[in-house]
Amino acid sequence: MVLVQYFRECLDAQMAAQILALEETAWPADGENAPFPPAPETYVTSFVLLDDGRAICHVGIRKSSLSHKEQTYLAYGLSEVVTHPQYQNQGLGSKMLKVARQFILDHRPDISIFTCAPERVSFYTRGGWQAVPGACFVGGTPEKPFRSDALGLITMMMFCSGKAKQHRSEFENADIVFSLGENQLW
């Protein structure tokens with residue numbers, strides 16, 4: 001197995017197709033021809049684990065500025081975290097999460113934030129993030145907000161900078177609003 005990192009400007013069509021096929025194993029697209037990466041303006045990089053040239057595990061890293069309660073934060077997040085069903089329960093996802101976490105920390109953000117299904121909270125907690133009580137990640141656009149709570153998702157965060165740690169309580173029981181593009185959420 002080989003771990004490869006792809007940046008937006010270096011991602012080729014063949015690898016994008018492999019990542020989309022891998023994502024299809026977790027989130028069937030119902031015939032949609034979604035591009036990869038969706039919302040390219042927030043996409044930073046992908047880590048892909050290849051087995052004999054085939055994508056078997058993926059984690060995407062996103063980045064955006066966040067204005068929240070009169071503070072501005074540099075935010076990094078995870079997206080499209082998926083392991084092919086034939087390779088699950090082997091610790092590969094945890095290894096990828098560790099790589100992604102280190103990449104994020106190396107870029108010195110204020111926060112790391114994303115959403116996940118309730119059954120995945122313990123996985124991400126072991127990776128260094130925590131569920132924030134009552135927090136709702138609101139993506140989408142101002143005209144068409146895309147709320148994590150409406151999807152039953154949990155907002156996960158890691159407070160990295162001193163400023164973020166100081167204002168941590170301001171994220172609890174709050175809407176955390178990003179303008180990411182229609183139907184976009186990390």
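**Exercise 1. Find the polar contacts that the side chain of S79 makes with the side chains of R62 and E80, and place S79 in the fold.**

Solution. Begin with the side chain of S79, which makes a polar contact of 3.0 Å with the side chain of R62; a polar contact is a pair of N or O atoms within 3.5 Å, where within protein one must be able to donate a hydrogen and the other to accept it, and where residues adjacent in sequence count only if both atoms are side-chain atoms. Next, a polar contact of 2.8 Å joins the side chains of S79 and E80. Then locate S79 in strand 4, which covers residues 71-83; helices (H or I, at least four residues) and strands (E, at least two) are DSSP runs, numbered from the N terminus. Leaving aside neighbours within four places in sequence, S79 is in contact (heavy atoms within 4.5 Å) with H58, V59, G60 and R62. Finally, S79 counts as buried because its relative accessibility is 7%; buried means under 20% relative accessible area, exposed over 50%, and partly exposed in between, with a 1.4 Å probe and protein chains only.

The model is predicted, so local features need pLDDT of at least 70 and side-chain atom pairs count only at pLDDT 80 or more, while totals for chains, interfaces and linings use all residues. Residues are numbered from 1 along each chain as its sequence is written, and side-chain values use heavy atoms, with hydrogens and water left out.

**Exercise 2. Decide whether Y73 is buried or exposed, and list what Y73 touches.**

Solution. Y73 is found in strand 4. With a relative accessibility of 1%, Y73 counts as buried. Not counting residues up to four places away in sequence, Y73 touches S64, S65, L66, H68, D110, K163, A164, H167, E170 and F171. As a last step, take the C-alpha atoms of Y73 and S161, which are separated by 9.2 Å although these residues lie 88 residues apart along the chain.

**Exercise 3. Describe the setting of Q14 in the same way.**

Solution. Q14 is found in helix 1, residues 13-24, and at 59% relative accessibility Q14 counts as exposed. The C-alpha atoms of Q14 and S65 are separated by 30 Å, with their positions 51 residues apart along the chain.

**Exercise 4. State what is notable about phi at N173 and N183.**

Solution. Start from the background that most residues other than glycine have a negative phi. N173 has a positive phi of about 50° although it is not a glycine, and N183 has a positive phi of about 60°, again without being a glycine. N173 sits in the loop between helix 4 (162-166) and strand 10 (175-177), whereas N183 is found in the segment after strand 10. N173 counts as exposed at 64% relative accessibility, and N183 counts as exposed at 51%.

**Exercise 5. Summarise the protein chain as a whole, from its secondary structure to its burial.**

Solution. The protein chain has 4 helices and 10 strands, and along the sequence these follow the pattern β-α-β-β-β-α-β-α-β-β-β-β-α-β. The C-alpha atoms fill a box of roughly 50 × 35 × 30 Å, taken along the principal axes. Buried residues make up 47% of the 186 residues. Among contacts between residues at least 6 apart in sequence, 73% join residues at least 24 apart.
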